[in-house]
Amino acid sequence: MPYSIRNNLIILIIVVSALPFTVRAEYGDVLMNNYSEEAGMRPVVFPHWFHRIRFRCKVCHADLGFKFEAGGNKINMLKIIDGEYCGACHNGEVAWAVESCDLCHSGKPGEPTQVHESTTSKLLSESNKKKAGSKQ
Amino acid sequence: MKAQSFNLPRSPHYFSKLIAVSSLIFLTTPWLYAASEARSGIQIYDVYCAGCHASGVLQSPKLGDKQDWGEREKQGFEVLLTHAIKGYKNMPAKGGNPAIKDKEIENAIKYILANSGLGQYGKKPTSNKTMSKAAEKNDSVKTKPAQKPKTSSVNSFNRLMKSSAEWNLPPAEDGIHDSENGGTHMLQKPKEAFESLSSSKSGNRVDWVKALKNKEISPRYDRLSDEVKPIVMDLNIIREVKGSMPDVVYPHKQHTEWLDCSNCHPALFIPQKGANQISMASIILGQKCGVCHGKVAFPVSECRKCHSKQKPLKKAITNKQAN
């Protein structure tokens, strides 16, 4: 009998480990880890939902020049302090300024750049995601 | 393992025991079934109703559509219940499953109404509310953290589908924020923000277009000014599709409410009839419509939001005749 219990256990372990790791992020949350972790900071989480309650897509994606591509804008702190990208609003006038590091740099260490809960991140393998690349 | 059990020596009573046990199971099962409590609204909805009422098949009112359900609810709950039990227009009696108990149908309707913004059909019975109030008053009793809402076994089995307990989690629990980071706990919780917004069945569980239309949100069109109004273009583009799916209606109106022309034209879509090759495969790969739909705008699972223009049906396959 211990033999069958062990078998069942093995099956259970296989089934459980086959379950996809459940990230339950909000639809459209963008995680950016281009430079953050190399520089000793947590990756950045950009919550799309929070921003779209306050701004229409056009403000960032047309006026500020954000490309429709996670991590494709090569944003760094220098650009932000110069008033580009996030810095157009996160300057202490429209929204909080760059001093509040940990409000943006709040991602789990080790997380790769991606749009969470997106169709591509759910359906495609890592290598295919790069091939599919959704550049504007 | 099997081979082992076949070689086991069987006692002379083996078969009589087997018969006794199996007849016991046989006899008690119907009794247990009859005595089992009526299933909850969500259990019934997920298994029997969602097939049509999640997406609005056959002009059925969709879960979450306050207007549609509100109109029906005005006729009185009894009318709704009768229609659901006996059938009405496209709605088959008990959704085509006569085995469902009347009480269960009632639960399902209450669940649908409660989740379509008709608050009086709230999920908690009043007795529970008074109990929790009493608990709050009693200082010595510490209130327990809110239990996660029960989800049906059907949904929890489907590994690809998030149960409602996993929607709109606070940043610290969502798996991508570092809960050890101080700032994480200062961020707004999605549920708080979405509470007053029109709901949908996918994405953020918010119907963003409806929320904007109903002025539940007023996002700026300009970085600095609340006064700048979007340049809205009201022009529908109809794309005929090859398969049996309804044709696609692309509404410029809803898109220009949010976006600038330059966001799509000419890089994603050449503004010329017939110049753009679009396939579902490319959309799922994050191209064309998939640049937004499947990332921030409603995902491709909402087929009928785009494929919304019914092709002229041939007489032989109309629904009524089929029935």
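**Helix α6(B) and its surroundings**

Visitor: What span should the 13 residues of α6(B) have at 1.5 Å a residue?

Guide: In this predicted model, local features need pLDDT of at least 70 and side-chain atom pairs pLDDT 80 or more, while totals for chains, interfaces and linings use all residues. Residues are numbered from 1 along each chain as written, with chains lettered from A and ligands numbered from 1 in written order. The end C-alpha atoms of α6(B) are 18 Å apart. This agrees with the expected span (1.5 Å times one less than the number of residues), which for α6(B) is 18 Å.

Visitor: Which elements of chain B help cover the buried residues of α6(B)?

Guide: Several residues of α6(B) are buried (20 or more other C-beta atoms, placed from the backbone, within 10 Å of their own), among them B:E104, B:N107, B:K110 and B:Y111. The cover over the buried residues of this helix (a DSSP run of H or I, at least four residues) includes α3, α4 and α5 of chain B.

Visitor: Which helix gives the largest share of the largest nonpolar core?

Guide: This core (buried Ala, Val, Leu, Ile, Met, Phe, Trp, Tyr and Cys joined through C-beta atoms within 7 Å) has 16 residues, and B:I44, B:Y45, B:A108, B:I109 and B:I112 touch the most other members. The elements giving two or more residues to the core are α3, α5 and α6 of chain B. The largest share, six residues, comes from α6(B).

Visitor: Which residues does B:A108 touch, beyond four places away in sequence?

Guide: B:A108 is one of the buried residues of α6(B). Leaving out residues up to four places away, B:A108 touches B:G41, B:I44, B:Y45 and B:C49.

Visitor: Which strands of the chain B sheet stand at the edges?

Guide: The open sheet has the order β1-β2-β3, with antiparallel pairing (at least two DSSP bridges between two strands). Two bridges join β2(B) to β3(B), and B:V248 has B:H307 as its bridge partner. One side of each edge strand lacks a neighbour in the sheet because each has a single partner strand; the two are β1 and β3 of chain B.

Visitor: How many residues of chain A are in contact with chain B?

Guide: Chain A has 136 residues, and its secondary structure comes to seven helices and three strands (DSSP runs of E, at least two residues). On the chain B side, α9 and α12 each give two or more residues to the part that touches chain A. By contact (C-beta atoms, placed from the backbone, within 7 Å), 50 residues of chain B meet residues of chain A numbering 51.

Terms used:
A residue is buried if 20 or more other C-beta atoms lie within 10 Å of its own, exposed if 12 or fewer, and partly exposed in between; C-beta atoms are placed from the backbone. Two residues are in contact if their C-beta atoms, placed from the backbone, lie within 7 Å.
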